[in-house]
Amino acid sequence: MRRFAVAAVLCAMTLLLATAASGRDPGLEKLQLRAADVALAKRITLRPRDVGASWRPIRIPNSSGERLVCPGFNPDFSRFTISGKGSSGFTRTGGASILSSVEVYESRADAIGDFRVGAKPIVATCLKRPLERELKASALVKVSVPFARVVAAPRVGDRRIAYRIVARLEAASTQLDVYLDVVVVQRGRSIAALFFTGPVRSLPGQAQIASSVAARMR
């Protein structure tokens with residue numbers, strides 16, 4: 001049950017990350033990639049030394065080209081321009097995972113503006129809905145998301161926000177809670193999103209990992 005549940009949540013989160021990343025929906029940012037800024041974005045993403053030797057890298061799927069939209073949240077990012085993108089992810093035995101998605105913007109003003117448009121408390125609910133949908137599509141168990149809200153964020157970067165979502169999976173007499181913490185940080189021209197998934201309890205060490213990533217942001 002534990003292995004299945006965590007695998008289902010990880011699968012759902014990689015799909016959500018691909019959806020929430022930049023695509024070509026008219027409400028999304030303009031995409032004008034420059035080699036230097038793509039290289040910067042890749043340098044900022046999560047690295048093996050950030051997480052330790054027990055973690056192994058995993059592939060993050062390409063963007064599906066859709067925004068994260070739900071009732072009461074329909075952000076328009078079209079006035080901002082992304083000039084660099086990068087992503088990376090790691091998992092370890094037991095089912096924990098950490099994913100990173102980084103966007104570098106044409107200007108610091110664009111990065112600040114984009115963060116302010118997207119970093120809303122309602123995003124927790126917006127993440128809850130597709131997560132439930134993806135889990136119900138892939139799981140032969142009862143699925144619910146009893147907790148989804150803003151929580152205290154690590155004090156890193158110029159601006160930051162953090163969300164916690166708890167997915168509960170039940171089968172017969174077995175119940176497992178899987179914790180998803182999302183930390184979004186803006187610093188300089190960059191925005192980094194970190195997705196921490198942990199079975200049973202919230203994944204420890206998030207502040208240190210966020211600090212390591214934020215230190216590379218420009």
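The following exchange examines how several descriptions of this predicted model are justified.

Colleague: How do you know how many helices and strands the protein has, and in what pattern do they follow one another?

Modeller: The protein contains six helices and eight strands. Along the sequence they follow the pattern α-β-α-α-β-β-β-α-α-β-β-β-β-α.

Colleague: What is the confidence of the prediction, as mean pLDDT?

Modeller: The mean pLDDT is 86, and 83% of the residues reach 70 or more. Over residues 19-23, however, the pLDDT is below 50, although this stretch has 18 contacts in the model beyond near neighbours in sequence.

Colleague: What makes Cys 70 and Cys 126 a disulfide?

Modeller: The S to S distance of Cys 70 and Cys 126 is 1.9 Å. A disulfide requires the sulfur atoms to be within 2.5 Å, so the pair qualifies. The structure holds one disulfide.

Colleague: Why is this disulfide called left-handed or right-handed?

Modeller: The torsion about the S-S bond of Cys 70 and Cys 126 is about -50°, and the disulfide is therefore left-handed.

Colleague: How do you know which parts of the chain the pair links?

Modeller: Cys 70 is in the loop between strand E2 (56-58) and strand E3 (81-91), whereas Cys 126 is in helix H5. The two cysteines are 56 residues apart, and the pair links distant parts of the chain.

Colleague: Why are Cys 70 and Cys 126 classed as buried or exposed?

Modeller: Cys 70 has a relative accessibility of 10%, and Cys 126 has a relative accessible area of 1%. Buried means under 20%, so Cys 70 and Cys 126 both count as buried. Across the protein, buried residues make up 53% of the 218 residues.

Colleague: Why does Pro 154 count as buried or exposed, and where is its place in the chain?

Modeller: Pro 154 is in the loop between strand E5 (142-151) and strand E6 (159-171). Its relative accessibility is 13%; the limit for a buried residue is under 20%, so Pro 154 counts as buried.

Colleague: What does Pro 154 contact, leaving aside its neighbours within four places in sequence?

Modeller: With those neighbours left aside, Pro 154 is in contact with Arg 160, Val 183, Ala 207 and Ala 210. In addition, Pro 154 and Ser 211 are 7.8 Å apart in space, C-alpha to C-alpha, with their positions 57 residues apart in sequence.

Colleague: Which buried residues does helix H6 have, and why are they said to be on the same side?

Modeller: The buried residues of helix H6 (residues 206-216) are Gln 206, Ile 209, Ala 210, Val 213, Ala 214 and Arg 216. They cover an arc of only 155° around the axis, and therefore they are on the same side of H6. These buried residues pack against helix H2 (35-44), helix H3 (48-51), E4, E7 and E8.

Colleague: Which residues in the largest nonpolar core touch the most other members?

Modeller: That core has 32 residues, of which Tyr 163, Ile 165, Val 182 and Val 184 touch the most other members. The elements giving two or more residues to this core include helix H4 (108-118), helix H5 (123-138) and strand E7 (174-187). Beyond four places in sequence, Val 184 is in contact with residues including Phe 115, Ile 161 and Ile 191. Another core, of 24 residues, lies apart from the largest one, and Ile 44, Val 51, Phe 90 and Met 217 are among its members.

Notes
Residues are numbered from 1 along each chain as its sequence is written. This is a predicted model: local features need pLDDT of at least 70, side-chain atom pairs count only at pLDDT 80 or more; totals for chains, interfaces and linings use all residues. Side-chain values use heavy atoms; hydrogens and water are left out. Helices (H or I, at least four residues) and strands (E, at least two) are DSSP runs, numbered from the N terminus. Buried means under 20% relative accessible area, exposed over 50%, partly exposed in between (1.4 Å probe, protein chains only). Contact means heavy atoms within 4.5 Å. A nonpolar core is a set of buried Ala, Val, Leu, Ile, Met, Phe, Trp, Tyr and Cys residues joined through side-chain atoms within 4.5 Å. The arc is that of the directions from the helix axis to the C-beta atoms. pLDDT is the predictor's confidence in each residue, from 0 to 100.
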